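Let's take a friendly walk through the spaces and the charged contacts of one protein. Keep the viewer open as you read.

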Amino acid sequence: MDLLQYQNDFLNYLESQKIVREPQNLYQPIDYILQLGGKRIRPILTLIAADIFSGDYTKALPTALAVEVFHNFTLVHDDIMDDAPLRRGKATVHEKWNLNTGILSGDAMLILAYQYFENYPPHIFQKLAKLFSKTALEVCDGQQLDIDFETRNDVSIEEYIEMIRLKTSVLVAAALKMGAIISEADEEQANHLYNYGLNLGIAFQLQDDYLDTYGDPKTFGKQVGGDIIENKKTYLYLKALEVASEEDKNTLVKLYNSEEQDNGAKVAAVTAIFNNNNITQHTQQLIEYYTNKSFESLSMLNISEKAKLGLRMFGENLMNRKV
């Protein structure tokens, strides 16, 4: 399981599939967002799964690209909804071009993602498209819940976990299962791999929430404190409401419901409340819980111990990441 090899082969394939066509104002933004870099976690997971079950990950490259194009499509539209200025340390698509271009280029990316499945025979295509459609709708469900939560003051931790399961982790899980589908793995085995990805995806998003407040601005690539500025009801916020004193709770709710305030002062004030209530420790514990839960699915996989160890190490690296 050579992650660097997977990454290099994926990037070479991405470069070979570069979209250069007219009208340029539709396709240049697509190329721009795909070239911005990122961790490429989802396509790498597709290649890992294909390698584990068939020993040939190169046949999964078109699907890995479909997953990455779809993921970046969601980022383009998420950035519009959040009015985010930065993505991976660079200007977001709607900032660099304009709002209409961001919407239309995103739409085109969704269609392009489906086209990559046309590289497979009908029985594989059907399974991939079915899982992909289900996942894409779930991601939309999760995004809508995320939007709904911004105007609610009664969001529970359970609701929040369900939202990030839909918005983030189902795509991580599907990326893995697609690699298994291409390798024509047993359905039960493919589902165990899906469950590994599902719980790992929740841990991944919780780590993202943590880094949004406590990450290094130089390495995180997004605006640190962005979730606080946007009044996102993340786990950190919800846990603080659960464990904090009445005074801290009231201050927190007031900060999240006030329209006119200095962003820097708001981030500092909210972070101070998080620090006073050991929210970093609570968050790290939950990240560890979901990471270990994902590892439970590994014991049910009929794969080599070396492959299981590789998947375990991949999960541990995600849990300890700084970007």
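This report turns to a pocket, a cavity and some salt bridges in what is a predicted model.

**A pocket and a cavity**

Start with the second largest pocket, which holds about 220 Å³ of space. Twelve residues line this pocket, and those closest to its centre are L3, K39, I41, F314 and L318. Three helices, α1 (3-16), α3 (41-54) and α16 (305-319), each contribute at least two lining residues. Sorted by class, the lining of this pocket comprises seven nonpolar, two polar and three charged residues.

How many cavities of 30 Å³ or more does the structure hold? There is one. The largest cavity has about 80 Å³ of space, and its lining includes L14, I19, Y27, L65 and Y116. Both α2 (24-35) and α4 (61-82) supply at least two residues of that lining, and α2 gives the most, with five. Eight nonpolar residues stand in the cavity lining beside two polar and two charged ones.

**Salt bridges**

The model contains 17 salt bridges. Three of them are set out here, with the distance between N and O atoms.

| Acidic residue | Basic residue | N to O distance |
|---|---|---|
| D146 | K232 | 3.0 Å |
| D154 | R152 | 2.7 Å |
| E305 | K308 | 3.7 Å |

Take the pair D146 and K232, whose closest N and O atoms are 3.0 Å apart. D146 sits in helix α7 (residues 122-149) while K232 belongs to the loop between α11 (226-229) and α12 (235-243), so their bridge ties together parts 86 residues apart in sequence. Are these two partners buried or exposed? D146 is buried, at 8% relative accessibility, and K232 is buried too, at 7%. Both residues also belong to a network of salt bridges that links D78, D82, D146, E150, K167 and K232.

The bridge between D154 and R152 has another setting. Here D154 is exposed, with a relative accessible area of 55%, whereas R152 is partly exposed at 25%.

Finally, look at E305 and K308, which are joined by a salt bridge. These residues are three apart in helix α16, so about one helical turn separates them. E305 is exposed at 59% relative accessibility, but K308 is buried at 15%, because the cut-off for buried is under 20%. Helix α16 is thus a helix to revisit in the viewer: it carries this bridge and also supplies at least two residues to the lining of the second largest pocket.

Terms used
Residues numbered from 1 in each chain as written. Predicted model: local features only at pLDDT ≥ 70, side-chain atom pairs only at ≥ 80, totals over all residues. Heavy atoms only, no water. 1 Å grid on protein atoms, 1.4 Å probe; cavity = no way out; pocket = protein on both sides within 12 Å on 5 of 7 lines; lining within 4 Å. Points joined across faces, edges and corners; volume = space filled by probe spheres on them. Helix = DSSP H or I, 4+ residues; strand = E, 2+ residues; numbered from the N terminus. Nonpolar A, V, L, I, M, F, W, Y, C, P; charged D, E, K, R; others polar. Salt bridge = Lys/Arg side-chain N within 4 Å of Asp/Glu carboxyl O. Buried < 20%, exposed > 50% of the residue type's maximum accessible area, 1.4 Å probe, protein only.
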